[in-house]
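Biologist: Please take me through one part of this model closely. I would like to see how its helices pack, and then which charged side chains pair up around them.

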Amino acid sequence: MGIEQRVVVVGAGPRGLSVVERLAAHSASSGARVHVDLVDPFPPGPGHVWRTDQSELFLMNTPSLFPTVLAGQGVLDVPSPEPLRGMSFERWRRGVVDGRITPTTPLAEEQVRALAELSPQGYPPRAVYGRYLEWVFETLRQNLPAGMVLEVHRGEAVDAWVRSDGRHRYAVELAGGHVLPADAVVLALGHLDAHLRPSQKDLVDGAAEHGLTYWPPTVPADAWWSEVPSGETVLVRGMGLNFCDALAQLTEGRGGTFTSVPDNPQRLVYHPSGREPRIVAGSRRGTPYRAKPALAGYYAQSLQTRFFTLDAVRRLAEEDGTPLSFDRQLWPLIRKDVNWNYYAVLARTTPEAFTADPGEFLRRLDTILTDPDGSHWSSRIDALVSEAVVPGRQLQQARLARPFEDVSFASHDEYAAAVVHHLDRDVSGSLRGEDDPTKMAIASLNAARTVLKCVLAEIGISDSSWVHELRRAFEPLVEGLASGPPVLRIQQLAALTRAGVVRFLGPEPRFVVDRTQGCFVAASPWVEAAPVRSRWLIEAMSPTNDVHRNISPLLTHMHERGLVRGRLMETRDGASPETSTGLDVRAERARGAGQDDAAAPGFVYRAVGAKDTAEQSIYVLGLQLSSVQWGVAIAAEAEAPARLGARTLADADQIARDILAGVRAGA
C-alpha cells in the first residue's frame, strides 16, 4: 500500500471540496493511504461565498440545473463514493424535495417549500447552494475509504515553507502557531480580500477626514446593510451582480414588496416600506448587466456553434505555428457565430425585418461566412445587412453592452426614463428566450465562453493578446452581456426606478470627495445635471482576484520565501512586462499517467517560485490560476464533459492522481 501521504488543502470551498472528493475516490480505487488536513476559517463545503447563514435574498446567477462539485456519471475515470455519484445541485434539490436526501442542517418548512417550487431553470439562493455543499462535505466525510483520514482545521493558513528535516517536505502554519506537516500542499484559496486602489484609498482618507461612510469592495454577505440610513441619498458604484444584492437588501430586505401588473405580467410595481434609502447608481456602461434569457437548459437548444469550435482552433494553431492572437484569429470566429445566430432567429421570428426573402438573405450570409478566402467578410456582411435588413433590426454589437455610449441627457430623470425603457426591452427579450435575436446573439457569446476556456487552457494565446485583447476588451464585454442576473432582478430594478427609489448617474461616472463641502460627489459627463452629493458611497463589487493586491498572509509569506510568484506577461511594446492577476504555474500531466492518459482533460498546475522552478508538490486550483485559465470563477457545469464545463473537476482529478502516484511510488 505504500506509506501514508500527508496533504494540506488550503480552502474548503467548492474547489477545495472537489480536491478532497477526488482524493477519496482515488484512495478508494487504488488503496493508497492519505491523510488530508483541510484548512479554512469558514465552514467546509460552503466556504466563504456560499455559507449558509447569509440572506436568502442573495440569488445565484446560474440556474439550478447548472452547478455541481461532482462529476457526472462517466465524466471522470474514477467515480465518486457511492452516495455522491453524479450528485449535482439539481439532483440534490430533487432528492431533498421528495425525501430521499436529508440535509445536514434541517431546513425550515418554508425552505423545503421554496426548494419544491424552484424549477431546474430557477435561480436558487446562494445560502441554499451552500446547503448542498455542506451536505456533500458531510456525506463525503461519512463515506471515506479505509485508507483516508480527514481533519478539518477552522482557522487561517498564514505561512508555508520547505522543511529542513523530517520525512515531510513542507510545513503549513495556522493562525495561532499550529504547524501541519505536508508532502503536498493544494492552494484552493477562492476569493481573497485585496488592497485598495489609489483612487479608493483617497476615498477612504476623505471619508475619515469628513466623517463620511465609504464601503470598499466586499462579499455582499459580509456587509452590514442595516447601517445604511433610510431616506438618505446613497451612492453605489457598480451595476453587476453585487448591485443586485445591494438592491435586494435595501428594498425587499427592509419590507418593500413587488406585485405584478394585471394587464402586463412582465412588469412589476414596487410598494415601498418607507425605510429605503435613495439609491443613485453608476458604472462605466451606465446600465446593469443584461438579464439571463429564459431557456429550457443552460444553453439555447437552437443555438448553432458553427465556426468557433475546438477543432477549428486546433487547425489554426497547427497552421500558424506561433502563439494565437485573440483579436486576429479567435474573435472573428466568435463574431461569425454571433452574426449567424442573430440573423437565423430574426429570419425565423420576424420575416418583416427583411426587405426581401429572409431565406435568401441567410443563404447569402452563409456564403460570406463560409467563403474559404475569408478576406473582408465583416465589411461584406455590413453591406449585405445594410441592403437587406430594415434599420433598427440590424445587429449592432457595439451597442449590446453600451447602449447609451456617446448619447447625452438633460437630467437624471431623462436618463432614468431611457434606462427603464432599456430594462423593459431587456426583460421582454429574456422572456422570449430562443425567439429573441438579441438574446440569442448573447447566448452565442455565452456558448463561446465555454469553448474559449478550453482553448486558453489547452492551446493558449500570446501574452500580449491575453493582456490587451482578452482581459481588457473581450472580458468586460462578455461579462456584462452573458454573466447577468436572472430576469427577475431586472424587472425589479425597472420597478424601483419607476418608484423613484433608484436613479442612475450615467456612463463613465467619476466619484470624488469634495473636501470643501465634506461629501462625496459623483457625476457623468453624459448627463447634464448637477452632480449628486452624498455622505455614503458603497462599492457594489467583490474584492479583485489579483495575487499582487490580495492581503493573504499565506501567499505573502510564500512569495517572500520564493515558493510562489505572480506571472509576468509580455505586452505589445515588449519593453515592460505586466504582472498577471494569477500565480505563475507550470501545467503538466499527473505523475504516473500512462500513454493512454496523455490526452486526458485537465492539468496539474504546479506553483513556480523565485528560482524559475516548479515546486513538485505545491498545486494551484481555482481563482489563482487566472494567469493560465480564463473564467476561473465559473462553477463546474453539471453533466458537462471534463474538457469543457467540468474542467475544474478534471484539474482536481489530476491533482489527486499526482499526489497518490507519489504514495504508490513510496515518495
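Modeller: Two residues are in contact when heavy atoms of theirs lie within 4.5 Å. Keep in mind that this is a predicted model.

Start with helix H12, residues 412-432, and helix H15, residues 487-498. Their axes come within 9 Å. They cross at roughly 155°. Angles over 145 degrees count as roughly antiparallel, so H12 and H15 are roughly antiparallel to each other. H12 passes H15 in a left-handed crossing.

Which residues of the two helices meet? On the H12 side they are Ala-416, Val-420, Leu-423, Asp-424, Asp-426, Val-427, Ser-430 and Leu-431. On the H15 side they are Val-487, Ile-490, Gln-491, Leu-493, Ala-494, Thr-497 and Arg-498. Sort the residues of this contact by type, and you get 9 nonpolar, 3 polar and 3 charged.

Now turn to a second helix pair. H1 covers residues 14-30, and helix H4 covers residues 126-142. The axes of H1 and H4 come within 11 Å and cross at roughly 25°. Angles under 35 degrees count as roughly parallel, so H1 and H4 are roughly parallel to each other. Their crossing is left-handed. From H1 come Pro-14, Leu-17, Val-20, Glu-21 and Ala-24. They meet Leu-133, Val-136, Phe-137 and Leu-140 of H4. This contact holds 8 nonpolar residues, no polar ones and 1 charged.

Stay on H1 for one residue, Ser-18. Is Ser-18 buried or exposed? Buried means under 20% relative accessible area. Ser-18 has 3%, so it is buried. Leaving out residues up to four places away in sequence, Ser-18 touches Val-69, Leu-649 and Ala-652. Take Leu-649: it is 631 residues from Ser-18 in sequence, but their C-alpha atoms are 6.5 Å apart.

Next, the charged pairs. The count comes to 48 salt bridges. In one of them, the side chains of Arg-6 and Asp-37 meet at 3.0 Å, N to O. Arg-6 sits in strand E1, residues 5-10, and Asp-37 in strand E2, residues 34-39, so the pair ties together parts that are 31 residues apart in sequence. Both Arg-6 and Asp-37 are buried.

Another salt bridge joins Glu-615 and Arg-169, with the closest N and O atoms 3.2 Å apart. Glu-615 is in strand E23, residues 614-620. Arg-169 is in the loop between strand E5 (157-162) and strand E6 (170-174). The two are 446 residues apart, and the pair links distant parts of the chain. Glu-615 is buried at 13% relative accessible area, whereas Arg-169 is partly exposed at 42%.

A third example is Arg-565 with Asp-584, where the closest N and O atoms are 2.9 Å apart. Arg-565 lies in the loop between helix H16 (553-560) and strand E19 (566-569). Asp-584 lies in the loop between strand E20 (578-583) and strand E21 (585-588). They are 19 residues apart. Arg-565 has a relative accessible area of 22%, so it is partly exposed. Asp-584 is buried, at 13%.

Finally, some salt bridges share partners. They join Glu-21, Arg-22, Asp-77, Asp-653 and Arg-657 into one network. You have met Glu-21 already: it is among the H1 residues that meet H4.

Technical notes. Residues numbered from 1 in each chain as written. Predicted model: local features only at pLDDT ≥ 70, side-chain atom pairs only at ≥ 80, totals over all residues. Heavy atoms only, no water. Axes fitted to C-alpha atoms, helices over the stretch in contact; angles between N-to-C directions. Helix = DSSP H or I, 4+ residues; strand = E, 2+ residues; numbered from the N terminus. Parallel < 35°, antiparallel > 145°, perpendicular 65-115°, else oblique. Left-handed = near helix turned anticlockwise from the far one by under 90°. Nonpolar A, V, L, I, M, F, W, Y, C, P; charged D, E, K, R; others polar. Salt bridge = Lys/Arg side-chain N within 4 Å of Asp/Glu carboxyl O. Buried < 20%, exposed > 50% of the residue type's maximum accessible area, 1.4 Å probe, protein only.
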